[in-house]
Amino acid sequence: MKFKLLLPLLFAVPAMAQTTVKQDAAIKQMNDEVSAQNIETIVRKLVSFKTRHTLSDTTSKTTGIGAARNWIKAEMERYAAASGGRMKVEFDTFTQPAGGRIGKPTVLKNVLAILKGTDPNDTRVYMVSGHYDSRVNNVMDSASVAPGAVDDASGTAVSMEIARVMAKHSFPATIIFMAVAGEEQGLNGSTNVAKRAKAEKWNVDAMLNNDIVGNTYGMENGIKNNTSVRVFSEGVPSTAAGDARAIIALIGNGGENDSPSRQLARYIKEVGERYVSHLDVKMIYRRDRFLRGGDQTPFLQNGFTAVRFTEMNEDFNRQHQNIRKEKGVDYGDLPEFADYEYIQKVARMNLSVLANLASAPGQPQNVGVSTSGLTNKTTLKWQEPVAGKKPAGYYILMRETINPYWEKKIFVTGNEYTSDYSKDNYFFAVQAVDADGHESLPVYPKPIR
């Protein structure tokens, strides 16, 4: 078997040929097209509707959530004109029953811009989302001005701006750019899409949720951080809850830090930092912030791989606040306090990840680590992906058990690889790669005989 080592070595390994991981010139060009000015225009337009509260006016053309969603859909349709018919824009419409933060049955509408993949045999779907609803202190106050510039016009602008850029390009797999409603009232919009995706058997490979990605000022410490973004990923999969066999296997195999969503987070760090300069992707080992949640959660609960992006320092004087001034302190989520060049970085990170995944071969199948005999070596076996193009080869990923990131990347051909390093002491994964360097998500192996 032919193989070669990629990336700097952090521990000893037999001598192998070295090379560099490829960058795709087309992805770099797309990133250059992502505009901070366009992002600011989107945010300020969303703020202009005064409130986008989920229960606000739906009949006005200038105020309320109805005017906002109609504008988002029209704007997405304008972007779709450059796709040659490959991008379709639709409302995902449903009635949210009364209960919790919904006072009466309410018709809600998510906006979905679906960029259809070019390979008819590739059923993979990648999703990116921000929520377009907003709120003030009282979560049931649907009348007060609720600008929601950072929470979450910033995330909506990420989804919309990269839709504008990517609509002009084609990818083997499908990408869905979303703006969802009802997040502040209980993740209503994302829950509907996630349940629909499960019921209709969408092959969702990854979902990226952008929520509160526009502030760079630390409220308590006064520190400006415009280079770091948090990616939240769960360890033990939500779907493992109540499954004793899954939990026992996870604990016994040491895989509690290697869920599909955590593999996605590692992938985002590697690819995002590869393409976006002055960006530090901080992996946070939680499904979301402490005792809080977001639109990635319903996707996780329905068995999909999903993560959340959030700025490094949230400004709670802005978030969920009525506009006012108290004791010399300004409150309210206003557009003049957002950092649009920072949102541009976050958008470029999202684009880089989506473009790589949608262009890559599918994940290798039935990845396993052999347990047929006691040995200090590690033998990995796998089958070809069932989706996407035929791989040019595979990367064997390897790290020490105490390290959060993959430390080695070994290129191999074929469907089996034996390492001199023991599975007792290192973690392994396998990912497929094409000739242009587009990589699938890594797959953590299961024990096999």
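At 39% relative accessibility, E326 counts as partly exposed, a class lying between buried, under 20% relative accessible area, and exposed, over 50%, for a 1.4 Å probe and protein chains only. The model I am presenting is predicted: local features need pLDDT of at least 70, and side-chain atom pairs count only at pLDDT 80 or more, whereas totals for chains, interfaces and linings use all residues. Residues are numbered from 1 along each chain as its sequence is written, and side-chain values use heavy atoms, with hydrogens and water left out.

I begin with the charged pairs. R324, with 26% relative accessibility, is likewise partly exposed. R324 and E326 form a salt bridge, their closest N and O atoms being 2.8 Å apart; the term requires a side-chain nitrogen of Lys or Arg within 4 Å of a carboxyl oxygen of Asp or Glu. Elsewhere, one network built from salt bridges with shared partners takes in D211, R230, D288, R289, R292, R308 and E314.

How many salt bridges does a search of the whole structure find? The search returns 30. One of them joins K224 to D339, with 3.1 Å between the closest N and O atoms. This pair connects distant parts of the chain, 115 residues apart: K224 is in the loop between β7 and β8, and D339 in the loop between β12 and α9. Helices and strands here are DSSP runs, H or I of at least four residues and E of at least two, numbered from the N terminus. K224 is exposed because its relative accessibility is 53%, while D339, at 14%, is buried.

R308 and D288 also meet in a salt bridge, at 3.1 Å from N to O. Strand β10 carries R308, and D288 lies 20 residues away in the loop between β9 and α8. Both ends are buried: R308 has a relative accessible area of 0% and D288 one of 5%.

Two charges also sit over rings, meaning that NZ of Lys or CZ of Arg is within 6 Å of the ring centre and within 35 degrees of the ring normal. R324, already met as a partner of E326, places its charged end over Y331, 4.2 Å from the ring centre. K73 does so over F91, at 5.4 Å.

I turn to the aromatic pairs, of which there are five; ring centres of Phe, Tyr or Trp (its six-membered ring) must lie within 6.5 Å, and planes under 30 degrees apart are stacked, over 60 edge-to-face, the rest tilted. Y395 and F411 are edge-to-face because their planes stand at 70°, with centres 6.0 Å apart. They link strands β15 and β16, 16 residues apart in the chain, and both are buried. F427 and Y444 have centres 6.1 Å apart and planes at 65°, so this pair is edge-to-face. F427 belongs to strand β18, and Y444, 17 residues away, to the loop between β18 and β19; both are buried.

Finally, the cavities. Two reach 30 Å³ or more, a cavity being a set of points on a 1 Å grid over the protein atoms alone where a 1.4 Å probe fits but cannot get out, with lining residues having an atom within 4 Å of a point. The largest has a volume of about 80 Å³, the space filled by probe spheres set on the points. Its lining includes V150, I212, E311 and F337. The second largest has a volume of about 60 Å³, and among its lining residues are S134, P147, E184 and H320.

How values were computed
On a 1 Å grid over the protein atoms alone, a cavity is a set of points where a 1.4 Å probe fits but cannot get out, and a pocket is an open set with protein on both sides within 12 Å along at least five of seven lines; lining residues have an atom within 4 Å of a point.
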